[in-house]
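Thanks, everyone. Please have a look at the model on the screen. I will go through charges, cysteines, backbone and one sheet.

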Amino acid sequence: MNTPKDLNSELITLDIGGMTCASCVGRVEKALGKIPGVEAATVNLATEQAKIRLKSHSGTQVAELIALVKKTGYEAKISTPHGNNKPNPSKSFWGADGLGRVLLSFALSVPLFLPMFLMPFGIHWALSPEWQLLLASPVQFFLGWRFYKAGFKALMSGVGNMDLLVALGTSAAYGLSVYQMLFSSHPVHELYFEGSAVIICMVLLGKWLEARAKQQTSEAIRALQKLWPEHAKVLAPNIVIAEGISLDQYRDLPLDQVFPSDRVLVLPGERIPVDGVILLGNSHIDESLLTGESAPVKKALGATVIGGSLNGEGLLVIEAKAVGVESVLSQIITLVEDAQTQKAPIQKLVDQVSAIFVPTVIVIAIITGLANWFYLDSASIAILRAVSVLVIACPCALGLATPAAIMAGTGVAARFGILIKDPQVLELAHRLTIVAFDKTGTLTIGKPRLLNLIRFTNSVNEDAILATAAGLQLGSEHPLAKALLDATKQKGLTPIPPSESKALPGIGISGKPSAGPWMNQNLCLQSVASLDSNVHQAEIIQKAQACFDAGQTVSVLMDSDTAEPIAIIAFGDELKSNALQAITSLHKLQIRTVMLSGDNIAAATRVGNSIGIDEVFAQIMPDNKANIIRQLQSIEHGHQRQWVAMVGDGVNDAPALAVADVGMAMSTGTDVAMQAAGITLMRGDPTLVADAIDISNRTWQKIRQNLFWAFIFNSTGIPLAALGYLSPMLAGSAMALSSFCVLSNALLLKRWRPSHR
């Protein structure tokens with residue numbers, strides 16, 4: 001769906017039933033594309049869904065779309081959110097792809113092909129022609145009726161599909177057998193009822209195996225859907241939330257009746273039903289299926305929680321902030337479903353081939369029949385070889401090759417916190433030669449921390465200085481004040497409250513500690529830039545030089561009465577603990593790393609060198625990041641264009657994420673960044689970058705392998721069938737096996753695990 005998107009357009013998702021091969025996909029897409037109000041349409045064989053974008057104010061109704069699909073020969077209905085009530089064909093025993101039909105077809109067919117297996121042992125036994133006709137007819141016209149029905153509709157629409165090939169092939173073998181039974185002098189030796197019956201058996205078996213495998217490829221989606229509890233314990237509005245209150249006054253409501261601002265009670269061991277903020281209690285929360293974080297995360301008062309995560313040991317009261325489709329879980333499912341429904345660019349080639357494949361096969365089968373009849377002077381051999389060509393050429397494997405791999409790859413990636421939203425990423429990731437990182441919030445924590453405290457006197461210890469400085473900042477919302485108070489809390493210290501304090505705009509804050517070494521003395525915590533007239537300015541700058549070189553923000557605690565400096569307090573954005581590991585992993589993949597930073601050159605270079613970044617761009621204005629990505633892409637290396645990924649988390653990263661060949665956004669950042677990126681990393685963990693590239697590479701390899709084997713299967717199978725090396729029965733078995741092999745190969749992706757897991 002590469003048509004420019006109208007922001008006011010409407011997106012419709014339909015569940016499509018009855019598609020069997022790549023030709024069916026092309027047929028439905030072509031039909032939908034002819035409707036004037038349809039801006040774009042894409043159909044996916046593996047998910048059995050069509051996504052249709054309607055032009056704004058087109059007037060086209062959903063009923064028209066459904067009616068057209070049905071007229072084309074397929075079932076259609078509006079898709080429910082996340083496919084919650086989508087029927088599962090493999091669970092219907094006698095359904096179109098059910099196990100019951102497979103078992104019945106084999107039960108009826110075993111007596112027909114059993115004589116072939118007994119011959120090598122010297123046992124010559126065969127059913128009478130009448131018994132063969134009696135057993136083969138139900139298989140042909142009852143169990144095989146679906147092929148006639150779908151094939152006829154395809155024929156009436158002027159196109160071909162797998163059903164038409166099967167219907168033509170088995171009808172020819174069945175019809176030839178009836179003719180020989182009625183008019184041949186040795187009918188038993190010239191009947192081919194077993195061929196037509198076994199072809200239908202194997203096709204039914206193949207479709208059942210496909211249905212089973214498709215379920216496994218979409219396991220990730222179903223696992224996410226199961227995270228939603230059906231009910232929530234909503235507290236009565238009159239209950240005041242406080243420690244020790246009775247929490248038994250709640251209503252057990254269905255999830256669709258819970259609204260934002262409702263207060264929800266979550267007991268230990270229960271799933272959290274909504275996104276929200278903890279009002280009461282603390283606990284460890286297991287978010288592994290949502291973010292891929294293996295260890296439970298400690299959550300306390302005021303912390304945000306994600307609906308679908310598992311509560312640990314504590315009782316919690318949560319204020320609902322987002323429910324239903326607005327929740328993080330719902331958005332994750334939508335992103336994965338959209339990625340699995342979209343087509344990778346290479347699928348366009350498959351669709352083009354599939355559009356002409358079935359008509360070409362029918363022509364080849366006719367030529368095969370005529371040529372064999374002419375050279376061998378045997379109508380029966382000519383028909384059987386033509387039948388083999390029709391059956392072996394069914395393009396099931398071709399249609400499943402790409403979507404099956406995409407479903408399996410994006411599904412397993414989502415389990416470990418990597419949301420691949422754009423399938424085009426899968427084709428580009430293996431080409432990447434450069435990964436560019438934003439620094440703040442991506443490689444670093446993203447908020448200031450106390451990194452250094454340098455004393456001017458040894459008569460007072462660091463703890464006393466820290467408690468005094470933190471006391472001056474009590475009540476302040478400034479980021480540096482919060483960093484100072486956090487550091488005090490981590491060391492188990494109690495800030496010394498001032499007896500009086502005063503904010504000094506552009507300078508800092510002053511006050512009188514109520515206790516400690518400087519009780520009732522005038523102190524000031526101020527920036528270095530405000531020290532212009534201080535006699536100790538040179539000494540302070542000299543002592544703080546190492547902090548400046550490291551790009552840290554420096555404040556000074558001063559005695560206002562004597563103008564004597566007490567301590568230098570330096571703040572900085574600390575590197576994430578796994579930043580070095582992330583860069584090392586990319587280097588192992590032979591990928592060059594780049595860091596984009598607004599810091600001064602010395603500070604940015606020091607950070608880059610500490611984790612092994614190959615090239616650092618410092619003092620970069622936010623709006624210049626996209627230009628640097630373009631510069632990196634234009635650099636020639638071995639006379640080849642460079643392929644660049646951008647990793648960021650902020651609003652100012654969005655243009656660069658959009659310009660890069662592959663954009664990766666941290667979910668810890670802004671929605672704007674995530675919308676602009678093709679991959680969203682559900683944890684603020686830079687090691688996920690290499691993992692995302694790795695699973696993308698592996699998915700792309702599976703796509704290529706599947707397409708290679710699908711094309712090889714058809715290109716070698718058709719000549720072998722035409723020359724008589726494949727009987728119709730073997731052709732049917734091989735055709736079913738090819739689809740199963742393609743799906744099984746894709747399912748190997750489910751074994752993938754992140755390298756640092």
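A salt bridge here is a side-chain nitrogen of Lys or Arg within 4 Å of a carboxyl oxygen of Asp or Glu. With that rule, the whole structure gives 11 salt bridges.

A word on the source. This is a predicted model, so to say: local features need pLDDT of at least 70, side-chain atom pairs count only at pLDDT 80 or more, and totals for chains, interfaces and linings use all residues. Residues are numbered from 1 along each chain as its sequence is written, and side-chain values use heavy atoms, with hydrogens and water left out.

Back to the charges. Side chains of opposite charge can pair when their charged atoms come close. I will take three pairs.

Pair one is glutamate 319 with lysine 321, at 3.6 Å from N to O. How exposed is each partner? Buried means under 20% relative accessible area, exposed means over 50%, and partly exposed is in between, with a 1.4 Å probe and protein chains only. Glutamate 319 has 23%, so it counts as partly exposed. Lysine 321 has 49%, so it is partly exposed too.

Pair two is glutamate 574 with arginine 449. Their closest N and O atoms are 3.1 Å apart. This one links distant parts of the chain: glutamate 574 sits in strand E21 (residues 564-575), arginine 449 in strand E16 (residues 444-455), and they are 125 residues apart. On naming: helices (H or I, at least four residues) and strands (E, at least two) are DSSP runs, numbered from the N terminus. Glutamate 574 is partly exposed at 34%. Arginine 449 is partly exposed at 32%.

Pair three is aspartate 463 with lysine 491, closest N and O atoms 2.9 Å apart. Aspartate 463 belongs to helix H15 (residues 462-472), while lysine 491 is in the loop between helix H16 (479-490) and strand E17 (498-504), so the pair ties together parts 28 residues apart in sequence. Aspartate 463 has a relative accessibility of 32%, partly exposed. Lysine 491 has 46%, also partly exposed.

Now the cysteines. How many disulfides does a search of the whole structure find? The search finds 0 disulfides, a disulfide being a pair of cysteine sulfur atoms within 2.5 Å. Cysteine 201 is buried, at 1%. Cysteine 547 is buried as well, at 1%.

Next, the backbone. Most residues other than glycine have a negative phi. Asparagine 520 is not a glycine, yet its phi is positive, about 65°. That residue, asparagine 520, lies in the loop between strand E18 (508-513) and strand E19 (523-527). Glutamine 590 also has a positive phi of about 65° without being a glycine. Glutamine 590 is in the loop between helix H18 (579-588) and strand E22 (592-596), and is exposed at 67%.

Last, the sheet. Two strands pair if DSSP finds at least two bridges between them. One open sheet has 7 strands, in the order E14-E26-E25-E24-E15-E22-E23, with mixed pairing. Which strands stand at the edges? Strand E14 (418-420) and strand E23 (615-617) do; each has a single partner strand, so one side of each lacks a neighbour in the sheet. From one strand to the next, the twist averages 20°. Axes are lines fitted to C-alpha atoms, for helices over the stretch in contact, and angles run from 0 to 180 degrees between N-to-C directions.

At one edge, E22 and E23 run parallel, joined by 3 bridges. Valine 594 has glutamate 615 in E23 as its bridge partner.
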